[in-house]
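Work through the exercises below with the sequence and the coordinates side by side, and try each task before reading its solution.

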Amino acid sequence: MADTNLHNQQSKTLGRNSDIEDLRLFAVLGNPISHSLSPLIHNYAYHTLMQRSITKDNPTQESSPIDYSCIVPQAQTFYTRFALPLGIDSKGLRDFLLQSDLLGVNVTVPFKEIAYQAVDEVVGIAREIQAVNTICKKDKTLIGYNTDAEGFFFCIQSYKPKKVLILGAGGSAKSIAVILNRYEIPFCVANRSSEKLDFFKSYAETKNFTEIVY
């Protein structure tokens with residue numbers, strides 16, 4: 001069940017008052033999460049995009065060739081992080097997101113599969129992966145995406161791997177298995193137990209899957 005103090009924690013941290021009506025709020029959710037550098041990376045990116053947008057609108061300064069104003073509106077944007085209770089379920093996560101001021105979140109371990117169950121709509125490859133690492137909130141609708149798969153493949157494609165060993169069987173492992181199978185790259189999965197391996201067994205009939213070790 002969700003921690004009943006979770007929404008209160010969020011409200012105290014982000015606030016709900018007229019002083020921040022124009023503040024666009026985003027966050028990364030996980031547990032543990034205190035080590036995450038996502039707020040540093042995202043807030044730097046928001047600041048950079050905003051400055052380029054302002055520069056474009058100021059004729060006395062050199063304009064950027066890219067119109068960043070369509071990405072970052074003229075409003076303050078802030079990215080933070082929240083440690084969700086380890087026992088939170090999909091309903092608890094959904095309630096937290098709908099009651100919060102957050103416009104979108106990134107989701108990390110161990111909540112990607114719970115996030116998949118919490119959203120109203122799943123887009124793209126996330127449907128096959130059955131795990132979500134990005135959620136956008138539009139009005140009262142939660143839309144889930146998965147960027148792990150394409151991001152992973154983008155990083156390794158120049159190495160032209162012949163075979164890949166996947167360690168673990170969580171949401172990220174599912175993402176990797178799906179994208180490797182799509183590009184016909186052989187892989188095997190190693191996990192500490194037989195739990196969560198049913199998803200990978202579905203690839204046993206494909207020529208890309210080799211074995212499961214636990």
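The exercises go from the overall fold to a sheet, then to one strand residue, and end with a pair of helices.

**Exercise 1. Overall description**

Task: State how many helices and strands the protein has, and what share of its residues is buried.

Solution: Bear in mind from the start that this is a predicted model. The secondary structure comprises 8 helices and 9 strands. Of the 214 residues in the protein, 42% are buried. The accessible surface comes to about 12400 Å², and carbon and sulfur atoms hold 53% of that surface. Turning to contacts with a separation of 6 or more, 60% of them are made by residues 24 or more positions apart.

**Exercise 2. The order of the sheet**

Task: For the open sheet of 6 strands, give the strand order, and determine which strands lie at its edges.

Solution: Reading across the sheet, the order is S2-S1-S3-S5-S6-S4, and the pairing is mixed. Strand S2 (77–83) and strand S4 (121–122) are the edge strands, each of them pairing on one side only.

The neighbours can then be taken pair by pair.

- Strand S1 (residues 24–30) runs parallel to strand S3 (residues 102–107), and 5 bridges join the two.
- S3 and S5 pair in the antiparallel sense, over 3 bridges.
- Strand S5 (residues 134–138) and S6 are likewise antiparallel, with 5 bridges between them.
- S4 and strand S6 (residues 141–145) run parallel and are joined by 2 bridges.

In general, the strands of a sheet pair through backbone hydrogen bonds, in either a parallel or an antiparallel manner.

**Exercise 3. Following bridge partners**

Task: Starting from Asn106, find its bridge partner in S5, and then the partner of that residue in S6.

Solution: The first step leads from Asn106 to Thr134, its bridge partner in S5. The second step leads from Thr134 to Tyr145, its bridge partner in S6. A similar route can be traced through Gly144 in S6, which stands opposite Ile135 and is also the bridge partner of Val122. As for the connection, S5 and S6 form a hairpin with 2 residues between them, and Asp139 in the turn has a positive phi of about 60 degrees.

**Exercise 4. A residue of strand S3**

Task: Decide whether Leu102 is buried or exposed, and identify its bridge partner.

Solution: Leu102 is placed in strand S3. Its relative accessibility is 2%, and buried means under 20%, so Leu102 counts as buried. The bridge connects Leu102 in S3 with Leu25. Along the chain, Leu102 and Arg24 are 78 residues apart, yet their C-alpha atoms are separated by 7.5 Å.

**Exercise 5. Two helices that cross**

Task: Classify the crossing of H6 and H7 by its angle, state its handedness, and list the residues that meet.

Solution: The axes of helix H6 (residues 148–156) and helix H7 (residues 171–182) come within 8 Å and cross at roughly 60 degrees. With that angle, H6 and H7 are therefore oblique to each other. The handedness of the crossing is right-handed. On the H6 side, the residues in contact are Asp148, Ala149, Glu150, Phe152, Phe153 and Ile156, and on the H7 side they are Ser172, Ser175, Ile176, Ile179, Leu180 and Arg182.

Technical notes:
Residues numbered from 1 in each chain as written. Predicted model: local features only at pLDDT ≥ 70, side-chain atom pairs only at ≥ 80, totals over all residues. Heavy atoms only, no water. Helix = DSSP H or I, 4+ residues; strand = E, 2+ residues; numbered from the N terminus. Buried < 20%, exposed > 50% of the residue type's maximum accessible area, 1.4 Å probe, protein only. Contact = heavy atoms within 4.5 Å. Areas by Shrake-Rupley, 256 points an atom, 1.4 Å probe, with all protein chains shown as cover. Pairing = 2+ DSSP bridges. Axes fitted to C-alpha atoms, helices over the stretch in contact; angles between N-to-C directions. Parallel < 35°, antiparallel > 145°, perpendicular 65-115°, else oblique. Left-handed = near helix turned anticlockwise from the far one by under 90°.
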